[in-house]
Amino acid sequence: MPFGYLFAVVLVAIGTLFALRPVAFSRPLGRPSYYFGLAANELPFAAFCWMLLLPTALAFADGDIDSAGGWAVVALAAVTAIGLAVIAYRALGERARIERAMDFGLGAGWRVAIDADLRVGLWRRPPWGRILLLPIFRRRLDVRRVANLAYGDAGRRNLLDLYHHRSRPSGSPVMIHLHGGGYSGGHKNSQSLPLLHHLAGQGWVCISANYRLRPQAQHPDHLIDLKKIIAWVREHAHEYGADPSTLFVAGSSAGGHMAALAALTQNNPAFQPGFEDADTSVTGAIYLNGWYGTYFDQGPESSPLAHIAPDAPPFLVAHGDLDPLVPVEDARHFADRLRQASAAPVVYAELRGGNHAFDLYHSLRFEAVIDAIEGFTAWVRSRERRATAG
């Protein structure tokens, strides 16, 4: 029995099973379901090539498939490959589904409403080289990371990384991203890095920041940290070529919860102790695989739903319909409530087969989301220009 081959195939088979049928996080198998299923769900090509095809070829080349047990492992690999093909097929349709969401949220003519100079680089072809060969490698040679800049006095939890194009163009828009981790874990050099590197490569200045965590910090401490980041950007980001008058805030999971709160409480002095006069307004918000409810045992005011108002900025919300941590119904409810109240556009992209934390890799799904974010921000920036000119 080729035990090394068996281990590789069983590992991928379990991940594929949980990708196709994830278990709610609250159930006994929820946590392992999430961790096993995430990689298979977002990296089906890599799982097939490196964990199924290559080990199978090596097992045959070494003559290890010489028993009933060996052929049983081959059969399991074949069934798993079919499951990975289903996962990949779902992801292949993501661009068309997101396009329909953009049409619904921005109007069918949204593409032609984008200014000509902001259309440059939009609607690229999927970066198949990265998706197939380097899905985990996030860096770009034309992007420089300036690490560990302090924006507050909480030590390493108040540090941020700044990404900018090595040519340092002037007048760059800003994207701030906050990581997830249930408000009790995570770090700045982890989530949505494919998004931040891509935007920085297109001339943006991007920020990924740490913030204070539970249990030492509680709501609204995390939100106050994000407001401090926005204030820091307005004071210092011009040193790196940014024009902080165009500033989008984004986040994943708990970071998405925080980003939505910041976008819906702009310039609210209650969340800006000691810097009440700082401008913490934002141009728009990106809400990725977010949490929409209240903050642990706190009241409804700790949920973004409690702060929805007609003056909310434009939102793009992306959520997987198989997210085992946050039910997709919560995302639909938030988007519906926001659409009913807000005068600004709301794009809600529901990702078929999407898991939680789909933004970790250069996957086919997240590359489609990145392109949607770039198109959404270009549309919002064009609208802002016309409003200013008028």
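## Phe-315 and the sheet around it

Let's start with one busy side chain: leaving aside residues up to four places away in sequence, Phe-315 touches Ala-260, Ala-263, Leu-264, Ala-285, Tyr-287, Phe-334, Leu-338, Pro-345, Val-346, Val-347 and Phe-376. Touching, or contact, means heavy atoms within 4.5 Å. Keep in mind that this is a predicted model, where local features need pLDDT of at least 70, side-chain atom pairs count only at pLDDT 80 or more, and totals for chains, interfaces and linings use all residues. Residues are numbered from 1 along each chain as its sequence is written, and side-chain values use heavy atoms, with hydrogens and water left out.

Phe-315 is buried, with a relative accessible area of 0%. Here buried means under 20% relative accessible area, exposed over 50% and partly exposed in between, using a 1.4 Å probe and protein chains only. Phe-315 is also among the residues with the most contacts inside the largest nonpolar core, along with Ile-176, Ile-207 and Ile-229; that core has 52 residues. Helix 9 (residues 254–264) gives the most to this core, with eight residues. A second, separate core of 38 residues includes Ile-98, Ala-349, Ile-373 and Val-380. A nonpolar core is a set of buried Ala, Val, Leu, Ile, Met, Phe, Trp, Tyr and Cys residues joined through side-chain atoms within 4.5 Å. Helices (H or I, at least four residues) and strands (E, at least two) are DSSP runs, numbered from the N terminus.

Now for the rings. The structure holds 13 aromatic pairs. Rings of Phe, Tyr and Trp (its six-membered ring) pair if their centres lie within 6.5 Å; planes under 30 degrees apart count as stacked, over 60 as edge-to-face and the rest as tilted. Two of the pairs share Tyr-287:

| Pair | Centre to centre | Angle between planes | Type |
|---|---|---|---|
| Tyr-287 and Phe-315 | 6.5 Å | 55 degrees | tilted |
| Tyr-287 and Phe-334 | 5.1 Å | 85 degrees | edge-to-face |

Tyr-287 sits in strand 6 and Phe-315 in strand 7, so their pair ties together parts that are 28 residues apart in sequence. Phe-334 belongs to helix 10 (residues 328–341), so its pair with Tyr-287 in strand 6 links parts 47 residues apart in sequence. Tyr-287 counts as buried at 1% relative accessibility, and Phe-334 is buried too.

On to the sheet. It is open, with eight strands in the order 1-2-4-3-5-6-7-8 and mixed pairing. Strands pair if DSSP finds at least two bridges between them. Strand 1 (143–150) and strand 8 (346–351) are the edges, each pairing on one side only. Helix 11 (residues 364–389) packs on the sheet, touching strand 3 (172–178), strand 5 (242–252), strand 6 (284–288), strand 7 (315–320) and strand 8, and its direction makes about 165 degrees with that of strand 6. That angle is taken between N-to-C directions, on a scale from 0 to 180 degrees, with axes fitted to C-alpha atoms, for helices over the stretch in contact.

Take a look at strand 4 (residues 205–209), where five of five residues are buried. Val-205, Ile-207 and Ala-209 point one way, Cys-206 and Ser-208 the other. Strand 4 runs antiparallel to strand 2, joined by four bridges, and parallel to strand 3, joined by five bridges. Tyr-163 has Cys-206 in strand 4 as its bridge partner, while Val-174 stands opposite Val-205.
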